[in-house]
Protein chains: 2
Amino acid sequence: MAKVLTSKEENYSQWYNDLVTKADLAENSSVRGCMVIKPYGYAIWEKIQNILDTMFKKTGHSNAYFPLLIPKSFFSKEASHVEGFAKECAIVTHYRLKNSPDGKGVIVDETAKLEEELIIRPTSETIIWSTYKNWIQSYRDLPLLINQWANIVRWEMRTRLFLRTSEFLWQEGHTAHATKEEAIEETNKMLNIYAEFAEKTLGIPVIIGKKSDSEKFAGAIDTYCIEAMMLDGKALQAGTSHFLGQNFAKAFDVKFTNKEGKLDYVWATSWGVSTRLIGALIMAHSDNNGLVLPPKIAPIQVVIIPIYKNEQEHSIVLNKCKEIKEKLENVALTVKLDDRDTQKPGWKFAEYELKGIPIRIAVGPKDIENGTIEIARRDTLEKKLIPNDNFSENVLKLLDDIQQNIYNKALKFREQHTYKIDNYTEFKTAIENGGFFEAFWDGTPETEAKIKDETKATIRCIPQYSNDKEGFCMVTGKPSKKRVIFARAY
Amino acid sequence: MAKVLTSKEENYSQWYNDLVTKADLAENSSVRGCMVIKPYGYAIWEKIQNILDTMFKKTGHSNAYFPLLIPKSFFSKEASHVEGFAKECAIVTHYRLKNSPDGKGVIVDETAKLEEELIIRPTSETIIWSTYKNWIQSYRDLPLLINQWANIVRWEMRTRLFLRTSEFLWQEGHTAHATKEEAIEETNKMLNIYAEFAEKTLGIPVIIGKKSDSEKFAGAIDTYCIEAMMLDGKALQAGTSHFLGQNFAKAFDVKFTNKEGKLDYVWATSWGVSTRLIGALIMAHSDNNGLVLPPKIAPIQVVIIPIYKNEQEHSIVLNKCKEIKEKLENVALTVKLDDRDTQKPGWKFAEYELKGIPIRIAVGPKDIENGTIEIARRDTLEKKLIPNDNFSENVLKLLDDIQQNIYNKALKFREQHTYKIDNYTEFKTAIENGGFFEAFWDGTPETEAKIKDETKATIRCIPQYSNDKEGFCMVTGKPSKKRVIFARAY
């Protein structure tokens, strides 16, 4: 099979689009800005869902489902929320079509106009807090730890598959607490769950930190995030966790009687990750041959391909392949045996490289004679022969190695492209090549806006962990407490 | 705890509403016709999803995701489909709000009007077949076996929690095949999966059959269904599987090259079940104490309640409860230990009866002394003492008994309320008390319409299995091949 992808070095953006469509992950639909998530891409999303859902449940959260449609007036109840969310959205104004008088198709029935327009949820704080009002009376009803898996619509003007689409899939946690401290603890707990998931499962190292005021969620007191570096040196926000204070409780009048018998507003958090994570996964690890999937998130972990010249060989080889498949399935691996005779082995090799299957096993008559099995790992493209004995253990160990190697490689890449910088003129040049820049900032939105305006770089986060002492803002020279991360971002 | 439900005999409809809200399954939202599915109700939906999803995958289906929004013109492409679906739907006409000039809230920005209106999917045949056009060229691309878990909006005028809501959750399978025979086989296969799931998991006996032409899916050649009887004798359609012929392939011009090298239109099926199944589950088994859940679908299968008078007893009893919990979890049961000291045991007993937990275990100091454990089963409300030895095995066996008993009871109820009837005058009286009526019908839509008009009963299905010989239509006396099922329905 000829190279099917534009190379990363030639055109990064085209490489990404090629990869997403040719690896059968997703494609643009006939509806502007909305994607079709194809079975292989959706299988990755299902893995993300299963693993995160288990983590949420282990920490005491339950799933529920709230309406897709939100009355327009709900958005005006929280002042900063409406500014951030109610503008670019899909608005339902009518509830009936009728036959067109000219006999061609259907038209909107103007008599079926809604009294109040409904907005397709761009996020669910408003509808959920309007519901929580009836669920919470006393501290005994708290905490309320609820998550929702749902689709979201935000009317994006410039869209890219997975990274920014008008409709996307996500989970949104919405919790209610009796105290500020407990809500802050929850905000951090979920941020750490996201970080653990990104690093241990997706193999993506992340920087944990807090957003500046101008980058925070519309309606939050504080927004925390995990930021990942993509292979072009740009940043991608991979998950956010918001401490909402009492903002939504006040907007929707949600009060509770505390242990002292006094009425108080409820404290809130919300947190979410979306199908954007699939974009992050692609852009963090893949190469010019295609996708590179960490074993823990790969829908298929091992693919087995029989190699044979005639029917007699086929039958022997196929038996061996089936035996291997069973062995590996017995240690809980997901294995595909591709015995199609419509494609040649070489075509299959390229196909599964494109799709990022972590391990490829090829079995031919010679391997059976020699009592060894040929294994190719996707991350390094190395091949080696593995003895038949302890085969499953060896494969499991190799998968662990691959998982770790993918993470290490991404971490090394990030370290190589992270720079401490103190001179704004140098910064303006350096930012052109991508990367994370640790710089002192005077803490004002004016300086932040100037930098964004002049360089397209934003403050990705104020990192939670850093050893830096105080310094001076690279732009204004004013005192600064700590370096923050600047980067261009998706 | 006082009885919280209106009794079924007093007011069946109120009993249902009481049960849904008081067992914390769902509630009406502030958006007309849309419900909030609460954590306990959603946990039942998650069980339904998990079990069905496994059945779908075992039969070769993959999940994918298609856009929520469908261009209006798509609906006009299949003539009968537009009549059935494009009328009562949510229509997106604008994509931006702006601040109101009077400073109060937000209004629709009239300059942000869509060129073509978008419809929130009432079902996805059109958007999916417009996509399949690009996926299918040759018989090698077939069959395409895809399922989608999604939310759906149909603008319902009269809504009821779970049974009929403007937004609901469902799965919709959409498959594409090279031959008519294969598509019909798929239609039947999925119908049988639904029947097996309803009977074996939900404990609901169903009648498998075909819809009459006037009741079939808009756009189908044939619609097959499973019909269940509710406790008021009304019918509920619990799942449908449609043989779509080449209708959607023709509407969206989806052709393929067959093995003979000739171009032909692709054959299609679609099939779905929804959150309606939760309504069926409630109405098939519950009683005046609340929900009765078959063990296989119960989010919590066993609840353990400690009984004690003082702290010393509490500590001994709690240890025993934890030991029992661990034992049962080791045999893969889902167990809840309710050690809250804010509620009395009697309150808890009533609460878990209301929520339909199949088995309740109460542990007091006396039980520990005697080496026995008190078990109450929800379906019969019987209590018995079980010895400590082989405890887990006994509980597993009891759960099997409960599962079987719930099904048997529902089957017996249906049999007792199913009548062969040959006289239309008698039918008109008898239908008032509910039940399924097996009657001869002349096969004309006119007779069907007359019966519906005069009795509100519809043909639920033309049963797949029946021993009946030919007879004469109960209304017109014309010859009839087979008895069909008439009933009033949800």
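**Chain A as a whole**

Begin by selecting chain A of this predicted model; colouring by secondary structure displays 14 helices and 26 strands. Chain A has a radius of gyration of 26 Å, close to the 23 Å that the globule rule gives for 490 residues, so chain A is as compact as a globular protein of that length. Its C-alpha trace spans about 80 × 70 × 55 Å along the principal axes. Of the 490 residues in chain A, 48% are buried. Among contacts in chain A with a separation of 6 or more, 66% are between residues 24 or more positions apart.

Next, colour chain A by domain. Domain 1 comprises 12–71 + 122–285, domain 2 covers 302–414, and domain 3 covers 418–487. The centres of domain 2 of chain A and domain 3 of chain A, taken over C-alpha atoms, are separated by 46 Å.

**The interface between the chains**

Display chain B alongside chain A. Here 53 residues of chain A are in contact with 52 residues of chain B. On the side of chain A that touches chain B, the largest share, 10 residues, comes from strand β5 (residues 88–99) of chain A. The residues on that side of chain A divide into 31 nonpolar, 13 polar and nine charged.

Now select residues 88–99 in chain B as well, which form strand β5 of that chain. β5(A) and β5(B) run antiparallel and are joined by five bridges. To find one of the pairs, centre on H94(A), whose bridge partner in β5(B) is I91(B).

**The nonpolar core and strand β12 of chain B**

Select I226(A), A228(A), I226(B) and A228(B): these are the residues with the most contacts inside the largest nonpolar core, which has 299 residues. Which residues surround A228(B), leaving aside its neighbours within four places in sequence? A228(B) is in contact with A198(B), I204(B), V206(B), L236(B), A238(B), A280(B) and A284(B).

Then highlight residues 222–229 of chain B, strand β11, which pairs with β12(B) in the antiparallel sense over eight bridges. In this pairing, I226(B) has G239(B) as its bridge partner in β12(B). The two strands form a hairpin with five residues between them. In the turn, G233(B) has a positive phi of about 85 degrees.

Remain with strand β12 (residues 235–245) of chain B: 10 of its 11 residues are buried, so this strand is largely enclosed by the rest of the structure. β12(B) also pairs in the antiparallel sense with strand β15 (residues 267–274) of chain B, over five bridges. G245(B) has A268(B) as its bridge partner in β15(B).

**S286 and helix α1 of chain B**

Move to S286(B), in the loop between α8 (276–285) and β16 (302–306) of chain B. Is S286(B) buried or exposed? S286(B) is buried, because 22 other C-beta atoms lie within 10 Å and the threshold for burial is 20 or more. Not counting residues up to four places away in sequence, S286(B) touches L19(B), L291(B) and V292(B). A distance between the C-alpha atoms of S286(B) and R378(B) reads 10.0 Å, although these residues are 92 residues apart along the chain.

From S286(B), follow the contact with L19(B) to helix α1 (residues 12–22) of chain B. In this helix W15(B), Y16(B), D18(B), L19(B) and V20(B) are buried. The cover over the buried residues of α1(B) includes β1 (26–28) and α8 of chain B. After α1(B) comes D24(B), with a positive phi near 60 degrees.

**Strands β3, β8 and β9 of chain B**

Select residues 62–63 and 144–153 of chain B, strands β3 and β8, which run parallel and are joined by two bridges. N63(B) stands opposite N147(B) in β8(B). Add strand β9 (residues 167–177) of chain B, which pairs with β8(B) in the antiparallel sense over 10 bridges. One position to display is L145(B), which stands opposite T175(B) in β9(B).

**K428 of chain B**

Finish at K428(B), in helix α13 (residues 424–430) of chain B. K428(B) is partly exposed, with 13 other C-beta atoms within 10 Å. Display E454(B) and T455(B), which K428(B) touches when residues up to four places away in sequence are not counted. A last distance to draw runs from K428(B) to A457(B), 29 residues apart in sequence and 9.3 Å apart in space, C-alpha to C-alpha.

How values were computed:
Residues numbered from 1 in each chain as written. Chains lettered and ligands numbered in written order. Predicted model: local features only at pLDDT ≥ 70, side-chain atom pairs only at ≥ 80, totals over all residues. Helix = DSSP H or I, 4+ residues; strand = E, 2+ residues; numbered from the N terminus. Rg over C-alpha atoms; globule rule 2.2 N^0.38 Å. Buried ≥ 20, exposed ≤ 12 C-beta atoms within 10 Å, placed from the backbone. Contact = placed C-beta atoms within 7 Å. Core = buried A, V, L, I, M, F, W, Y, C linked by C-beta atoms within 7 Å. Nonpolar A, V, L, I, M, F, W, Y, C, P; charged D, E, K, R; others polar. Pairing = 2+ DSSP bridges. Domains from an automatic or database assignment.
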